[in-house]
Every structure is written in C-alpha cells, then in structure tokens.
Amino acid sequence: MSKYLSIDPGKSKCGLVLAEISEKKVYKAIILKSELLEGYVRNLNTSENISKIIIGNGTTSREIRGKLDFFKKEIITFEEKNTTYRAKARYFELFPVRGLQCLIPREVFILNKNLDAISALIILEDYCRIQFTLNQNMDFKTWLK
C-alpha cells in the first residue's frame, strides 16, 4: 500500500492530505499552522508508511521542503497554479448542496471555510492524474489545528 502526503504550503497555514494511492482514498485531511508542520509530518511518518511527499510550488514551498529534509524518501515539488480557485468547485463535488439548501447561494457555504486541504487534494489529484474519494470516517469540515 502506497501512501502519499500532499501539502499546500502557505506562510501562516498549510493544507495536508494523506491518501492511499491504490485505493484512491483520502484518509487524513487537515489544515495546520505552518510552524507545526514539521512535527506533524514527523509524527505522521512514524505511524503511516508514507512513500512520497508532494508539495505545491507556491508560497514558501522552498522553506517547507527544507523543514522536511528528515524525510528520506522522495519529495516532489509540483505545480499548484489555480488550486485555491479550483478548490471552491471541488468542495461542492465532495459536499453537494442538497434539499432546501439549493435555494441559498452556494458561496454562503464556503464563506468561512479554509480550503487549503482541498487545494492539497487537487495538487495530489493533478500529480497522480486520478480523482480521490474520501474515507467514510473522515470529516473534511473540522480540520483546523
């Protein structure tokens, strides 16, 4: 089982997604403060067999890559252009608006949402050229640490 960790880097916060490639499933999705990233990835790497890390090439990607130099497997920097913009549409694919909510403008549902983890998912999907599904036990909506 091959697990990839995808990171949407940012100055103050980063989006992370851990996915099982052969199952095409996301098992963890989180947004955390950038200064907590190194420790979180170190801990995650001890409990999960991460075979590759994919980092978006945007803001602070070089610094993030430097913090992860302890990871002795492959680290790839990958194009992340327009992922934040695309994350809004992907959000509604993952969490469709249903029932009476259809009467409310869609933008209301993502006003205060942090989409960094969905951006990390898009980076991973673009890199792997496949679309992932969410593990049933995962709640993408409660991820900020």
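Biologist: In what order do the six strands of the open sheet stand?

Modeller: In this predicted model, the pairing within the sheet is mixed. Strand E5 (74–78) and E6 stand at the edges, each with a single partner strand, so one side of each has no neighbour in the sheet. The order is E5-E4-E1-E2-E3-E6.

Biologist: In which sense do strand E2 and strand E3 pair, parallel or antiparallel?

Modeller: Strand E2 covers residues 13–20 and strand E3 residues 25–33. Four residues lie between them in a hairpin, and Lys24 in the turn has a positive phi of about 55°. Glu20 has Lys25 of E3 as its bridge partner. Over eight bridges, the sense of the pairing is antiparallel.

Biologist: Which residue of E6 stands opposite Lys25?

Modeller: E3 also pairs with strand E6 (residues 133–134), in the parallel sense and over two bridges. The residue of E6 that stands opposite Lys25 is Thr133.

Biologist: What is the bridge partner of Ile54 in E5?

Modeller: Strand E4 (residues 50–56) and E5 run parallel and are joined by five bridges. Within E5, the partner of Ile54 is Ile76.

Biologist: At about what angle does helix H1 run to E3?

Modeller: Helix H1 is formed by residues 37–47. This helix lies across strand E1 (3–8), E2, E3 and E4. Its angle to E3 is about 150°.

Biologist: Which element gives the largest share of the largest nonpolar core?

Modeller: This core has 24 residues, of which Val17, Val26, Ile118, Leu124 and Phe132 touch the most other members. Two or more residues come from each of E2, E3, helix H3 (83–94) and helix H4 (116–128). The largest share, eight residues, comes from H4.

Biologist: How many residues does the other core have?

Modeller: Val17, leaving aside its neighbours within four places in sequence, is in contact with ten residues' worth of surroundings that include Val26, Ala117, Leu121 and Leu124. Apart from the largest core lies another, whose members include Leu5, Cys14, Ile50 and Ile53. The number of residues in that other core is 18.

Biologist: What covers the buried residues of H3?

Modeller: H3 has 12 residues and reaches 15 Å from its first C-alpha to its last, close to the 16 Å expected. Its buried residues are Thr83, Ala87, Arg90, Tyr91, Phe92 and Leu94. Their cover includes H4 and E6.

Biologist: Is Asp116, the salt-bridge partner of Lys13, buried or exposed?

Modeller: The closest N and O atoms of Lys13 and Asp116 are 2.8 Å apart. The pair links strand E2 to helix H4, 103 residues apart in the chain. Lys13 is partly exposed, with a relative accessible area of 27%. Asp116 has a relative accessible area of 15%, under the 20% cut-off, and therefore counts as buried.

Biologist: What is the relative accessible area of Lys52, which meets Glu74 in a salt bridge?

Modeller: The N to O distance in this pair is 3.4 Å. Glu74 lies in strand E5 and Lys52 in strand E4, 22 residues apart. Glu74 is partly exposed at 41%. Lys52 is buried, and its relative accessible area is 12%.

Biologist: Which residues are joined into one network by salt bridges that share partners?

Modeller: Among the seven salt bridges of the structure, Asp126 in helix H4 and Arg86 in helix H3 form a pair 40 residues apart. Their N to O distance is 2.8 Å. The residues joined into one network are Arg90, Glu93 and Glu125.

Key. Residues are numbered from 1 along each chain as its sequence is written. This is a predicted model: local features need pLDDT of at least 70, side-chain atom pairs count only at pLDDT 80 or more; totals for chains, interfaces and linings use all residues. Side-chain values use heavy atoms; hydrogens and water are left out. Two strands pair if DSSP finds at least two bridges between them. Contact means heavy atoms within 4.5 Å. Axes are lines fitted to C-alpha atoms, for helices over the stretch in contact, and angles run from 0 to 180 degrees between N-to-C directions. A nonpolar core is a set of buried Ala, Val, Leu, Ile, Met, Phe, Trp, Tyr and Cys residues joined through side-chain atoms within 4.5 Å. Buried means under 20% relative accessible area, exposed over 50%, partly exposed in between (1.4 Å probe, protein chains only). The expected span of a helix is 1.5 Å times one less than its number of residues. A salt bridge is a side-chain nitrogen of Lys or Arg within 4 Å of a carboxyl oxygen of Asp or Glu.
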